[in-house]
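Here's a quick briefing to skim before you load the coordinates into anything. Have a look at the structure first, then come back for the details.

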Amino acid sequence: MPHFFTKILFFALILALIVSCNTTKYVPEDENLLKSNTIYVDDKQNRKEDLNQFLVQKPIQSVAGMPLSLYFYNFGDPNFEETFEEWMVNNSKKYENYKNFFSEKQTRVIYNSDKNFNNWFLNKGQAPIIFDEVKTTKSTKSLKDYFISKGYFEANVVFEKEQLKEKEIGINYKITTNQQYYIDTITTEIESHVLDSIYQLHKDKSIIKKGNPFVFDDFEQEEIRLVTLYRNSGIYHYKSNSLGFWTDSTKQSYRKNVLLKIPERITSVNDSAVKIPYKVKKVTEVNVYTDFSIKNLNKKFKDSVTYNNYNFYSYGKMKFNPKHLVNSLFITPNDYYKDAEKSLSQNHLRNLNSFSSSIDINYIEKSGDSLTANIYLTPLDKYSISFDLDATTSNIKPFGILGKTTLLARNLFKGSETLEIAFQGSFLNVSNDASNSSSFFNAWELISSASLKFPRLLFPINTSGIIPKHMAPKTDINASLSVQKNIGLDRQTISGGIGYSWKSTKERGHRIDLLNLQYIKNLNIDNYFFIYDSEYEKLNNVSIEITGNELPENTVENYDAINDEMDEILDPENGFEDTYPEDFDTASDVNERQDILTENVMVPVISYSFVYNTRKNINDNNFSYFTARFVSSGNLSTLIAPNKNSEGQKLMFGLPIAQYFKTEFEYKKYWELRKNNILVFRTFVGAAIPYGNSSSIPFSRSYSAGGSNEIRAWRTFDLGPGAELNTLEYNVATFKIVTNLEYRFKLTNKIFSALFIDAGNIWDITDSNLYSDEGKLNSFNSLKNTAVGSGIGLRYNFGFLVFRFDTGFKTYEPYLLRDNKWFVNYNFGNAVYNIGINYPF
């Protein structure tokens with residue numbers, strides 16, 4: 001959008017906000033808008049968010065002191081007429097004008113449009129919160145109950161009203177905690193000798209301890225601990241609410257004595273309550289029904305197998321190999337009952353992606369102290385197919401339509417293996433189309449891929465001692481082929497590999513790519529100077545300076561002629577290195593860079609990745625995430641490859657082997673400051689070092705800076721390296737640092753915003769002559785060339801995805817040839833507008 005129109009839009013939005021800034025616009029007479037809640041604890045203002053959750057009525061959340069969602073609501077009119085007839089009566093003059101100028105039918109259309117537009121503002125905004133004294137009284141009770149639960153049994157809570165403005169009120173909650181109570185003695189009365197012996201063995205892990213504050217949550221957690229302990233120690237019949245805590249206290253000492261009581265099991269026999277001793281139960285039989293469904297309920301089994309004391313039954317022919325299925329079963333025959341084994345089995349069986357998610361496991365009591373476990377599995381369809389259609393945009397592919405078809409085959413070899421075959425096609429509009437095509441979609445890309453996943457490790461030796469089955473080991477064998485037309489140099493890529501993954505704990509994950517082979521070939525190098533026009537201009541200036549002649553016109557057809565001219569300049573017999581040293585170096589750099597960017601290469605990679613993630617579920621917004629990746633390319637293959645090219649490089653399938661080492665680290669931290677207010681910090685560091693068979697890193701494995709997911713004030717490939725004012729179309733290097741800080745908050749219903757600061761850049765660490773000192777990381781002092789961008793984003797939550805629009809402003813530009821590099825181009829005209837799907841990190 002042009003700078004002028006952007007300013008107009010910006011000021012129009014500001015004006016609209018000012019117009020809607022009357023916060024009490026729709027507050028009825030003799031009522032008050034709840035403007036603020038302030039909580040004082042023992043005469044000190046509480047600034048933490050933990051107590052706000054107990055308030056029944058809360059004011060509308062503000063951003064920078066402005067209730068934006070209320071302003072949004074005020075754009076609408078809650079009194080807008082519900083029916084056309086009502087609107088016609090209340091707006092008779094407008095109705096007559098519309099009807100005379102348009103028609104009755106068109107007037108109805110206008111009414112419906114106005115109504116829908118009005119309702120959109122009302123639905124996306126938030127109506128004013130009208131002060132309600134009944135709800136405020138409930139809030140005082142909730143606050144008092146909370147402090148009592150923390151051991152402040154004599155706490156007192158009152159509220160005071162404060163008239164801030166006309167029709168605006170603030171509520172001050174004043175809490176006097178008084179003395180907190182503590183736990184004194186802890187005694188037990190456990191009738192069952194079995195339960196008592198288990199308790200005594202594990203009482204050192206008790207959550208309630210002498211001298212601790214008397215906190216209700218601790219008693220609830222202790223009950224959960226005991227339920228978990230007993231139900232994982234063979235006590236099948238132990239349930240929640242089977243215990244109780246009795247207390248007494250002395251006011252003078254503010255201490256409470258605690259008595260834990262657990263009676264024997266009580267059950268009903270002939271309408272009478274009877275005590276039955278708790279017993280340790282063993283699971284003596286495990287039955288697995290591999291094709292259970294309602295329609296098979298009364299049918300007889302046609303196939304059955306017993307493997308490792310597990311009984312497998314099928315209503316038809318057995319389609320699952322018991323040898324592999326037992327890897328997802330943790331209920332052990334002839335072992336004590338453990339509640340955790342049930343949930344663990346269910347989770348692992350779901351992760352096979354072969355069965356319906358509703359996996360039922362129940363237990364039946366047998367004679368004596370034994371149990372039978374029955375596991376009911378309902379297989380998913382063996383084959384499924386899906387279709388996806390999407391739009392795509394990036395620096396290299398400005399606009400395109402993407403279609404994808406995926407075929408899924410389950411339980412391929414009767415061991416819950418999954419084969420996924422995908423075909424993807426993209427039709428693109430590329431502005432630098434060298435083919436001079438007249439059609440809108442003048443470029444395309446085709447990708448076909450296949451992935452075969454095994455829910456176990458396929459390895460020559462037994463790894464179960466190192467990576468047991470509870471770590472959910474997996475093997476992934478994959479291959480892909482991609483072909484491009486009129487996209488850059490029309491790269492063709494063939495890749496394939498085998499990888500192993502597992503989780504050593506709930507938070508820690510590992511992956512080893514034992515072999516990941518990638519074949520990269522550029523099919524249209526004649527397009528080089530057309531794509532990298534800046535390189536052509538450098539060479540053309542050199543030609544004019546040395547020979548007095550311009551190069552042939554920059555077209556695909558003249559690629560060879562342009563290279564012939566460059567070879568002539570670089571020919572030692574012509575002596576230009578001595579007579580025109582600077583121009584000769586420029587031409588030499590152009591030639592070397594062309595060799596790197598057009599090189600066909602084989603990339604055989606071995607890598608290890610480690611992930612640490614403390615996120616409990618999708619709603620958890622207080623967590624840490626760390627990943628480390630170590631990559632080695634070409635080490636083994638260069639040792640065994642027998643052939644070399646004229647430059648001494650080892651070859652594989654006729655192509656040079658890329659040899660380098662690469663390591664990457666990423667850390668993310670999320671803080672939920674309050675509901676719908678999240679602060680996110682992210683940092684990334686990566687380095688790639690070529691050696692041995694390679695003098696440079698393949699373009700596809702190098703680092704770039706900028707883009708919608710990292711430094712949003714610059715487009716992808718536009719930034720760096722370092723402080724170089726680079727005119728290249730695609731800038732890459734071998735070292736990268738990026739740090740992001742983003743504050744996300746809610747504006748209205750489904751509409752969110754974010755304020756962000758991005759910092760980072762790329763540098764060269766290989767001492768290549770293609771980079772100046774400004775583009776190299778020579779010391780820590782080079783980090784002063786870190787670029788900084790900042791901005792604001794809007795996000796719309798559709799539920800299944802988040803649409804993101806971020807505006808990035810150039811805040812610090814290290815490449816500027818001036819002393820002050822801060823806020824020089826900090827304006828809408830030089831801003832970068834990023835469109836993305838879901839959050840950037």
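What follows is a short tour, from the whole chain down to single residues.

Keep in mind that this is a predicted model. The protein has 841 residues, and 43% of them count as buried. Its secondary structure comes to 16 helices and 33 strands, and the C-alpha trace spans about 110 × 80 × 65 Å along its principal axes. If you take the contacts with a separation of 6 or more, 63% of them are between residues 24 or more positions apart.

**Strands 24, 27 and 28**

- Strand 24 (residues 623-633) and strand 27 (residues 660-674) run antiparallel, with eleven bridges joining them.
- One spot to look at there is alanine 628, which stands opposite phenylalanine 665 of strand 27.
- Strand 27 also pairs with strand 28 (residues 677-690), again in the antiparallel sense, this time over 14 bridges.
- On that side, glutamate 664 has glycine 686 in strand 28 as its bridge partner.
- The hairpin of strand 27 and strand 28 has two residues between the strands, and asparagine 676 takes a positive phi near 65° there.

**Aromatic pairs**

- The count of aromatic pairs comes to 60.
- How are the rings of tyrosine 238 and tyrosine 278 arranged? Their centres are 5.7 Å apart and their planes sit at 45°, so this pair is tilted.
- Tyrosine 238 is in the loop between helix 8 (216-231) and strand 6 (244-250), while tyrosine 278 is in the loop between strand 9 (272-276) and strand 10 (282-289), so the pair ties together parts that are 40 residues apart in sequence.
- Both rings belong to buried residues: tyrosine 238 has a relative accessible area of 0%, and tyrosine 278 comes in at 7%.
- Phenylalanine 623 and tyrosine 670 make a stacked pair, at 4.4 Å centre to centre with 20° between the planes.
- That pair takes us back to the paired strands: phenylalanine 623 lies in strand 24 and tyrosine 670 in strand 27, so parts 47 residues apart in sequence are tied together.
- Phenylalanine 623 is buried at 5% relative accessible area, and tyrosine 670 is buried at 8%.
- Elsewhere, ring pairs link Phe80, Phe84, Trp87, Tyr95, Tyr98, Phe101, Phe102 and Tyr111 into a cluster.

**A buried charge: glutamate 813**

- You'll find glutamate 813 in the loop between strand 32 (802-812) and strand 33 (832-837).
- Which side chain of opposite charge is nearest to glutamate 813? That would be lysine 810, 5.8 Å away; glutamate 813 is buried yet has no salt bridge. The cut-off for a salt bridge is 4 Å.
- The side chain of glutamate 813 does have a polar contact, at 2.9 Å, with the side chain of asparagine 825.
- Setting aside neighbours within four places in sequence, glutamate 813 is in contact with Trp714, Lys821, Val824 and Asn825.

**Backbone oddities**

- The peptide bond from glycine 720 to proline 721 is cis, with omega near 0°.
- Proline 721 has its place in the loop between strand 28 and strand 29 (735-748).
- Asparagine 178 isn't a glycine but has a positive phi, near 60°. Its home is the loop between strand 4 (168-176) and strand 5 (182-190), and at 39% relative accessibility asparagine 178 counts as partly exposed.
- Asparagine 838 also has a positive phi, about 70°, without being a glycine. Asparagine 838 sits in the segment after strand 33 and is partly exposed at 34% relative accessibility.

**Phenylalanine 584 and a long span**

- Phenylalanine 584 is in helix 15 (residues 581-597) and counts as buried, at 11% relative accessibility.
- Leaving out neighbours within four places in sequence, its contacts are Ile569, Leu570, Phe576 and Glu577.
- How far apart are phenylalanine 584 and histidine 237 in space? C-alpha to C-alpha, they are 87 Å apart, with their positions 347 residues apart in sequence.

Technical notes
Residues are numbered from 1 along each chain as its sequence is written. Side-chain values use heavy atoms; hydrogens and water are left out. Two strands pair if DSSP finds at least two bridges between them. Helices (H or I, at least four residues) and strands (E, at least two) are DSSP runs, numbered from the N terminus. Buried means under 20% relative accessible area, exposed over 50%, partly exposed in between (1.4 Å probe, protein chains only). Lys and Arg count as positive and Asp and Glu as negative; His and the chain ends are not counted. A polar contact is a pair of N or O atoms within 3.5 Å; within protein, one must be able to donate a hydrogen and the other to accept it, and residues adjacent in sequence count only if both atoms are side-chain atoms. Contact means heavy atoms within 4.5 Å. Rings of Phe, Tyr and Trp (its six-membered ring) pair if their centres lie within 6.5 Å; planes under 30 degrees apart count as stacked, over 60 as edge-to-face and the rest as tilted.
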